[in-house]
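Subject: Structure handover

Hello,

Here is the structure I said I would pass on. Please look it over before reading the notes underneath.

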Amino acid sequence: MKLAKLAFGLICLAILASNIVTMSRWSEARGVYDDICYLRQAHLFQRFGADGLNTDAVRDDDRYFEGKMKEIGYAAWKDPLQWPCHNPMPSGKVVTQYPPGTGFLLALFPEGHQVVPLYVAASLIVCGLALLGIFMARTLPSTLGAGVFGGLSVYLMINPAKASYSVAPTMALCAVAGFLTALWLSREKRSVWLIALIGLLLGASVNFRLPNALLAAGYFLFLGIPFVWSRKLATFLQGLGFGAGVLIGMAPTLIAQAINAGSPLATTYGSADVVAPAFDLAVLGHYLRDMQFVLMLLAIGSTAWLLRAGEGSVRQVALVVAANLAVNLVFFLSHPVFTPYYVVPIAMLSLWSVSFACLMQQQQDARQAAPIRREQTSLGVLSR
C-alpha cells in the first residue's frame, strides 16, 4: 500500500508539473472578453488600491482598457456603452459586471504576468490536498480512489478551469472547504469556529462568481432544518456562525455592488444574464456531452451510496452534499445558458467533501481498533 501511495503521489506531482509547463506558455492576450475585463479589474486595484472596487468606465483615463480593446480589433473601443462585460447602471455609470475577487487576486501579481501565477498558486493548493487525501488512505481501495480523484482534480486545473479566470480560485476554495466540511462533521463536538471558517470560504467564493452563493445552500438547509425541529442553542450558534462567515466572506462583493450599482443587493449584470429559469433540452444536451456530466455522475453516485451505506459523520456529510447538489443542479440545469464550467464548483465541492469524509472515517476506525488489537495481542502473549 505504501508503494501505491507513493506511485499516486508521484502521478499527481507529474500532472502538476505538466500543468505548470503548459500554463507557463499561456498568453494573457488570447482575445477573450472575460479575460480582458478581469485584467481591467486587476489594473484598477493596482492603480487605486481598495478604491479599485469602483469600476466606472470614466476611470479608464489612462486608456488601459481601450488599449486592450484595440489589441483584439474591437471596433467599438471608444464607446463604453458597447464595451464587453460592462453594463450601464441607473446612475449613469458604465461598470464591470463581475464581482471583484478575481481581479483582486490577479492584482497581487505584476502586470503582464498575472494569470500564470494565479493558476499555479491555485493548482498547488489543489495538489496539496490531493496528496493529503492519498496519504490519509488506510486501505488499498481507498488509496486507489484517492489517487484517481487526486489526479483528476489536478488535471481539471487546466481543463475546464482555463475557460474562466474565476474558476481556478473557486476550485482551490472548494477543495479546502470540502476538507474542512469533513473535518467539522467528523468531530464529536462540532466547532462553531470551524463552521464559521467554512462559511467564510464559501462566502469568499462569491467574490469570484456570483452563482457560488449557491454553494452554501446545502449547509443552510442542514443547519436550519434541525434548528426548526429542536430549537437547540448549539444548533442556532452553528447556523449563526456559518451565516456570519458567509456574510463577511462576500462583503467585498456587497460593497462593490453598493458602489457600482447603488445598492449591495443590486446586480451589476445586464438583462441578458439575469434570465428566468427554463428547462432547455439543448442546454441539457450540452451537459450530457460535456466533462461536467461525468463529474455530476460521480458526485451524485458517491453521495447516494453514502446516504445508503454510510453511518455517523459520513452520513452527515452526505446529507449536506445531497442538499447542496439538489439546489445547485436544479438552478444550473434550469438556467438556459451553458458553459463548460457552471456545475464544476458544486461537483468538486461535493467530491472533496465525500472523499475526505470517507478517509477520516477510516482513520477514526483505525484509532478505535488499535487498543482492541493491542489487548488481543497482550492476551495472546499471556495465554502462552
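What follows is a list of findings, grouped by topic.

Please keep in mind that this is a predicted model.

Helix packing

Two helix pairs are worth opening in the viewer. Helix H2 covers residues 33-48 and helix H3 covers residues 64-71; their axes come within 10 Å and cross at roughly 155 degrees. That angle is over 145 degrees, so H2 is roughly antiparallel to H3. The crossing of this pair, H2 over H3, is right-handed.

The second pair is H7 (167-186) with helix H14 (residues 312-333). Here the axes are 9 Å apart and the packing angle is about 135 degrees. H7 and H14 are therefore oblique to each other. H7 and H14 also make a right-handed crossing.

Within H14 sits Leu319, which counts as partly exposed because its relative accessibility is 36%. Leu319 and Leu306 are 13 residues apart along the chain, and their C-alpha atoms are separated by 8.9 Å.

A pair with a longer stretch of chain in between involves helix H1 (residues 2-23), where Ala14 is placed. The C-alpha atoms of Ala14 and Gly151 are separated by 9.2 Å, with their positions 137 residues apart along the chain. Ala14 has a relative accessible area of 45%, so it is partly exposed.

Backbone geometry

Three places in loops deserve a check.

- Asn159 and Pro160 are joined by a cis peptide bond, with omega at about 20 degrees. Pro160 belongs to the loop between helix H6 (140-155) and helix H7 (167-186).
- Arg63 is not a glycine, yet its phi is positive, at about 65 degrees. The loop between H2 and H3 holds this residue.
- Cys85 also has a positive phi in a residue other than glycine, near 50 degrees. Cys85 lies in the loop between H3 and strand S1 (86-88). With a relative accessibility of 12%, Cys85 counts as buried because the limit is under 20%.

Salt bridges

Side chains of opposite charge can pair when their charged atoms come close. How many salt bridges does a search of the whole structure find? The search returns 5 salt bridges.

One of them links Asp35 to Arg30, and the closest N and O atoms are 2.3 Å apart. What is the relative accessible area of Asp35? The value is 1%, so Asp35 is buried. Its partner Arg30 has 33% and is therefore partly exposed.

Another joins the side chains of Arg59 and Asp51, at 2.5 Å from N to O. Arg59 is buried, with a relative accessible area of 14%, whereas Asp51 is partly exposed at 40% relative accessibility.

Arg63, the residue with the positive phi, forms a salt bridge with Glu66, and the closest N and O atoms there are 3.5 Å apart. Glu66 is buried, with a relative accessible area of 13%. Salt bridges that share partners also join Arg47, Asp61 and Asp62 into one network.

Surface patch

Which residues form a nonpolar patch on the surface? They are Val192, Leu233, Phe236, Leu237 and Leu240, and together they have about 430 Å² of accessible area. Helix H10 (residues 233-249) supplies the largest share of the patch, 4 residues. Val192 lies in helix H8 (residues 192-205). Val192 has a relative accessibility of 31%, so it counts as partly exposed. Patch residues need over 30% relative accessible area, and Val192 is at 31%.

Where to look

If time is short, I would start with the cis peptide bond between Asn159 and Pro160 and the positive phi values of Arg63 and Cys85. After that, the H2 and H3 crossing can be viewed together with Arg63, which is in the loop between those helices, and with its salt bridge to Glu66. The nonpolar patch can be left for last; it includes Phe236 and Leu237.

Regards

Technical notes: Residues numbered from 1 in each chain as written. Predicted model: local features only at pLDDT ≥ 70, side-chain atom pairs only at ≥ 80, totals over all residues. Heavy atoms only, no water. Patch = residues over 30% accessible without salt bridge, like charges linked within 9 Å, V, L, I, M, F, W, Y side chains within 5 Å. Areas by Shrake-Rupley, 256 points an atom, 1.4 Å probe, with all protein chains shown as cover. Salt bridge = Lys/Arg side-chain N within 4 Å of Asp/Glu carboxyl O. Buried < 20%, exposed > 50% of the residue type's maximum accessible area, 1.4 Å probe, protein only. Axes fitted to C-alpha atoms, helices over the stretch in contact; angles between N-to-C directions. Parallel < 35°, antiparallel > 145°, perpendicular 65-115°, else oblique. Left-handed = near helix turned anticlockwise from the far one by under 90°.
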